[in-house]
Amino acid sequence: MNKKIRLIQNFFLVAAPILASSAFGISPSKAATFAISNSQVEFENFSQISSDFVSFTDTDTLTDSKNGSVRAIANANVDFLEAPAFATNTNLSLAFGENQDYLGLADSQSEIIGNFDIQADTNFSFNFSAFLNLETSIDNPPAENARASGDISFLLFDLENNNILDFFSLTGNLTTEGENDFIGLQTSERVNISQAVADTNFGGNEESLVAFIRGKYERNFANETNLALIEFKRNRVRVTAPEPSISLALLVSSGVIGVVLKRRRK
């Protein structure tokens, strides 16, 4: 694992819990339930400048407590520069609670859309990296439950013919206490992965998942093409004590997702 990966991991694994602690005055290490889902995507070294770059972000939190204390935070940011061509976005969703009879939800979403006017017989390429971190913790199973999920995907879309040309998808989920723990990766043929690092800890009252993917997209367009790069990320967490009678379970987004690593808790 190189220095850049370690720095990214250290930022999210250390800074995010500190942010939560300072914002709400409750240490996650002392909370009965804790869940965090955060991710980052970077695009760089585009072979040509986009004709248009737009971004969207959305966050949502929900807390409900009768005899306990619960907090939730959601944050999403997007930045991009046109010269040199570079774009990045980050999501953070976090929730924790203590005592009993509470529910906490946090949902963060971000999207980048870049349009490229590709000339005939032109090679189009860019580099990308994707980072996903999930963590859950509970003190008293099965009364308490913590869930965290994250989805990162991008696709190349032919705007003239309404066709998806290529795609990338990274997804993960933790359920504590539960058996739905997994990490999945799927790409189309022209998305080349040069580095894939995954560290998982499934099972028990404390679970974690960290994944880093680095790669390159490259394709030659024989005909003139109006191309859109669409990237979407969603990070969701939920903590409950006890489990509500009406299921509000976080569902991993459907789509072109192939699970390449899955381990059920014993």
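Pro142 is placed in the loop between strand 4 and strand 5, where strands are DSSP runs of E with at least two residues, numbered from the N terminus, and a cis peptide bond with an omega of about 0° joins Pro141 and Pro142. The structure is a predicted model, in which local features need pLDDT of at least 70 and side-chain atom pairs count only at pLDDT 80 or more, whereas totals for chains, interfaces and linings use all residues. Residues are numbered from 1 along each chain as its sequence is written, and side-chain values use heavy atoms, with hydrogens and water left out. Another cis peptide bond, with omega about 15°, joins Thr176 and Glu177, and Glu177 belongs to the loop between strand 6 and strand 7 (182-187).

Positive phi values occur in residues that are not glycine, including Asn45, at about 60°, and Asn99, near 75°. Asn45 lies in the loop between strand 1 and strand 2 and is partly exposed, with a relative accessible area of 48%, while Asn99 lies in strand 3 and is exposed at 52%; here buried means under 20% relative accessible area, exposed over 50%, and partly exposed in between (1.4 Å probe, protein chains only).

The largest nonpolar core (buried Ala, Val, Leu, Ile, Met, Phe, Trp, Tyr and Cys residues joined through side-chain atoms within 4.5 Å) has 45 residues, of which Phe124, Phe126, Phe154, Phe168 and Leu170 touch the most other members. Among the elements that give two or more residues to this core are strand 4 (122-138), strand 5 (145-158) and strand 6 (163-176). Apart from this core lies another, of six residues, among them Phe34, Ile36, Leu92 and Phe96.

Conventions: Helix = DSSP H or I, 4+ residues; strand = E, 2+ residues; numbered from the N terminus.
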